[in-house]
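Let's walk through this one together, a question at a time. Have the viewer open and follow along.

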Amino acid sequence: MAGKPGFVRARLHQSLINGAELRYVNVARWESGAQLEEAQKDPEWYANTLQMLNDPELHIQARPSIYEVVVEVEPGARLLP
């Protein structure tokens, strides 16, 4: 997917808490939802995704969704007036 038009970056986050419901969270950033949808039409990507999801040793449970940033905090930012 990294070579597809509109892909910005992906980050895989791992929980530091043992037994967390979501041990890993993959967050990918795309320029637009339309470009993500177009990239997901790739048959090779689809086949690889199904293979990972169906591998009993990986224990992957996908919960895909699309989000938008509503709050971004950077060093020195003030959240309250």
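Here come some questions and answers on this predicted model.

Q: In what order do the elements of the chain run from the N terminus on?
A: Start with the tally: the secondary structure comes to two helices and two strands. Going along the chain from the N terminus, the order is β-β-α-α.

Q: What radius of gyration does the chain have, set against a compact globule of 81 residues?
A: Look at the box first: the C-alpha atoms fill roughly 50 × 35 × 15 Å along the principal axes. A compact globule of 81 residues would come out near 12 Å. The chain itself has a radius of gyration of 16 Å.

Q: What percentage of the residues in the chain is buried?
A: Some surface background helps here: the accessible surface comes to about 7,600 Å², and carbon and sulfur atoms own 54% of that. To count as buried, a residue has to be under 20% relative accessible area. Out of the 81 residues, the buried share is 9%.

Q: How far apart do the centres of the positive and negative side chains lie?
A: The chain carries 8 positive and 11 negative side chains. Take the centre of each set, and the two lie apart by 7 Å.

Q: Which kind of aromatic pair do F7 and W30 form?
A: The structure holds one aromatic pair. F7 and W30 sit 5.4 Å apart, centre to centre, with 80° between the planes. Planes over 60 degrees apart go into one class, so this pair is edge-to-face.

Q: Which strands does the aromatic pair link?
A: The two partners are 23 residues apart, so the pair links distant parts of the chain. F7 belongs to residues 7-14 and W30 to residues 24-30. That makes them strand 1 and strand 2.

Q: Which counts as buried, F7 or W30?
A: F7 has a relative accessible area of 23%, so F7 is partly exposed. For W30 the relative accessibility is 15%. The cut-off for buried is under 20%, so the buried one is W30.

Q: Is Q14 buried, partly exposed or exposed?
A: Q14 has its place in strand 1. Its relative accessibility is 44%. Buried needs under 20% and exposed needs over 50%, so Q14 is partly exposed.

Q: Which residues does Q14 touch, not counting residues up to four places away in sequence?
A: For orientation, Q14 and N26 are 12 residues apart in sequence and 8.8 Å apart in space, C-alpha to C-alpha. A contact needs heavy atoms within 4.5 Å. With residues up to four places away in sequence set aside, Q14 touches R23 and Y24.

Technical notes: Residues are numbered from 1 along each chain as its sequence is written. This is a predicted model: local features need pLDDT of at least 70, side-chain atom pairs count only at pLDDT 80 or more; totals for chains, interfaces and linings use all residues. Side-chain values use heavy atoms; hydrogens and water are left out. Helices (H or I, at least four residues) and strands (E, at least two) are DSSP runs, numbered from the N terminus. The radius of gyration is taken over C-alpha atoms; the globule rule is 2.2 Å times the number of residues to the power 0.38. Buried means under 20% relative accessible area, exposed over 50%, partly exposed in between (1.4 Å probe, protein chains only). Accessible areas come from the Shrake-Rupley method with a 1.4 Å probe; for residues, only the protein chains shown count as cover. Lys and Arg count as positive and Asp and Glu as negative; His and the chain ends are not counted. The place of a charge is taken as NZ of Lys, CZ of Arg, CG of Asp or CD of Glu. Rings of Phe, Tyr and Trp (its six-membered ring) pair if their centres lie within 6.5 Å; planes under 30 degrees apart count as stacked, over 60 as edge-to-face and the rest as tilted.
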